[in-house]
Amino acid sequence: MAVEEKVLLEVNNLKKYFPVKAGVFRKTVGYVKAVDDISFYIKEGETLGLVGESGCGKSTTGATILRLEEATAGEVKFEGKDILSLNRRELREMRKEMQIIFQDPYASLNPRMTVADIVGEPLDIHNLARNKKERNEKVRELLGSVGLTAEQMNRYPHEFSGGQRQRIGIARALAVEPKLIIADEPVSALDVSIQAQVINILQDLQEEFGLTYLFIAHDLSVVKHISDRVAVMYLGKIVEMTDKRDLYNNPLHPYTQSLLSAIPIPDPTFKKERIILEGDVPSPVNPPAGCRFHPRCPKAMDICSQKEPEFKDYGNGHYAACHLLD
Ligand code: SF4
């Protein structure tokens, strides 16, 4: 029997513009278009990797979904419910279902709190333990699920390594039994050897608790193992999105092709051409007309600076936005 896959998160035409103020009267003179009309969905139990260079809007996307930033326009639906229209009380309830893990585990953990209090705090906020004994038991279980021991409960964040601190952040996120975790560059600050450990823990937890992930990273190699599908962002837009295998074997967008060409291959006998992009990412205050990638695209044509390419399905859910494909 075919099982209907349920969509957990749906993002439609989401925009987040930040006003740029200038002059004595702090007048709005423009907008930083950090996220500019993006749409995607994540199915229950699935991991969507969201990848792009710094400043492309991927972290703002995560923050806007959770309403840590208020959206300028668009729709975010969680289990069919519109998150952007929830009032404060409803939002607090909803936050139990959606948690975030940050890049810098040290900055996101209160240095004056013990690990037991850091992991136990969400249990207190949402009244999820009846008494102290139950709270301590839950904290012990949560630490155990990320590979930390009960003896470490009364220590402070500075007594742990970067990888261990990220495990504490994951345990804290798990405390409220969320369905969706937005992992915002969770391994970028860690050594490569530790990155794999943290990714493995996230994968094990996904299996154990049926979690759904939006996994944000600036590098396609990091999301390769954990993602089911991958979306590539450039200057506030998603330029390509498809199944992982399809993206790595058959990238359609020149930007994705250039990102993939930068990933080192372990086999030295296999030569691949590295595509070097000219220039820096342009400012999102005044993004280039037409295709935003055209000033750096090695395949740009005349039409690219005049007309914005449509983001559409080129078969089997392989979405891309590029005039070359028409
Ligand atoms: Fe390059 Fe043109 Fe395609 Fe944009 S639309 S990615 S500039 S070829």
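1. The salt bridge between R135 and D117. In this predicted model, the side chains of R135 and D117 form a salt bridge, with an N to O distance of 3.4 Å. R135 belongs to helix α4 (residues 132–145) and D117 to helix α3 (residues 115–125), so the contact ties together parts that lie 18 residues apart in sequence. The two partners differ in their surroundings: R135 counts as buried, because its relative accessibility of 12% falls under the 20% limit, while D117, at 32%, is partly exposed.

2. A second partner for R135. The side chain of R135 also meets that of D124 in a salt bridge, here at 2.9 Å from N to O. This pair again links distant parts of the chain, with D124 in helix α3 and R135 in helix α4, 11 residues apart. D124 is partly exposed, at a relative accessible area of 41%. A reader tracing the helices can therefore start from R135 in helix α4 and look for D117 in helix α3, then for D124, which is also in helix α3.

3. A salt bridge inside helix α4. Where do E137 and K133 lie with respect to each other? Both are in helix α4, 4 residues apart, which is about one turn of the helix. Their side chains meet in a salt bridge of 3.9 Å, N to O. E137 is partly exposed at 38% relative accessibility. K133 is exposed, with a relative accessible area of 62%, because the limit for that class is over 50%.

4. Salt bridges in the whole structure. How many salt bridges does a search of the whole structure find? The count is 16. Some residues are linked in a network of salt bridges, namely K6, E44, E79, E97 and K179.

5. The sheet of 4 strands. One open sheet has 4 strands in the order β2-β1-β4-β5, and its pairing is antiparallel. Strands β2 (27–43) and β5 (81–82) stand at the edges with a single partner strand each, so one side of each has no neighbour in the sheet. Strand β4 (residues 73–78) is joined to β5 by 2 bridges, and the two run antiparallel. F78 stands opposite K81 in β5.

6. The sheet of 8 strands. Another open sheet has 8 strands, ordered β6-β7-β8-β3-β9-β10-β12-β11, with mixed pairing. At its edges are β6 (98–101) and β11 (312–313), each of which pairs on one side only. Strands β3 (residues 47–51) and β9 (residues 229–234) pair in the parallel sense, over 4 bridges. In β9, R229 stands opposite L48. As background, the strands of a sheet pair through backbone hydrogen bonds, in either a parallel or an antiparallel sense.

7. The ligand. Which residues are the closest to the ligand? They are C291, C297, C304, C322 and H323, and 13 residues surround the ligand in total. By class, this shell has 9 nonpolar, 3 polar and 1 charged residues. The space that the ligand takes is the largest cavity.

Technical notes
Residues are numbered from 1 along each chain as its sequence is written. This is a predicted model: local features need pLDDT of at least 70, side-chain atom pairs count only at pLDDT 80 or more; totals for chains, interfaces and linings use all residues. Side-chain values use heavy atoms; hydrogens and water are left out. A residue is near a molecule or strand if one of its heavy atoms lies within 4 Å of it. On a 1 Å grid over the protein atoms alone, a cavity is a set of points where a 1.4 Å probe fits but cannot get out, and a pocket is an open set with protein on both sides within 12 Å along at least five of seven lines; lining residues have an atom within 4 Å of a point. A molecule sits in a cavity or pocket if more than half of its atoms lie within 2 Å of its grid points. Ala, Val, Leu, Ile, Met, Phe, Trp, Tyr, Cys and Pro count as nonpolar, Asp, Glu, Lys and Arg as charged, and the others, Gly among them, as polar. A salt bridge is a side-chain nitrogen of Lys or Arg within 4 Å of a carboxyl oxygen of Asp or Glu. Buried means under 20% relative accessible area, exposed over 50%, partly exposed in between (1.4 Å probe, protein chains only). Two strands pair if DSSP finds at least two bridges between them.
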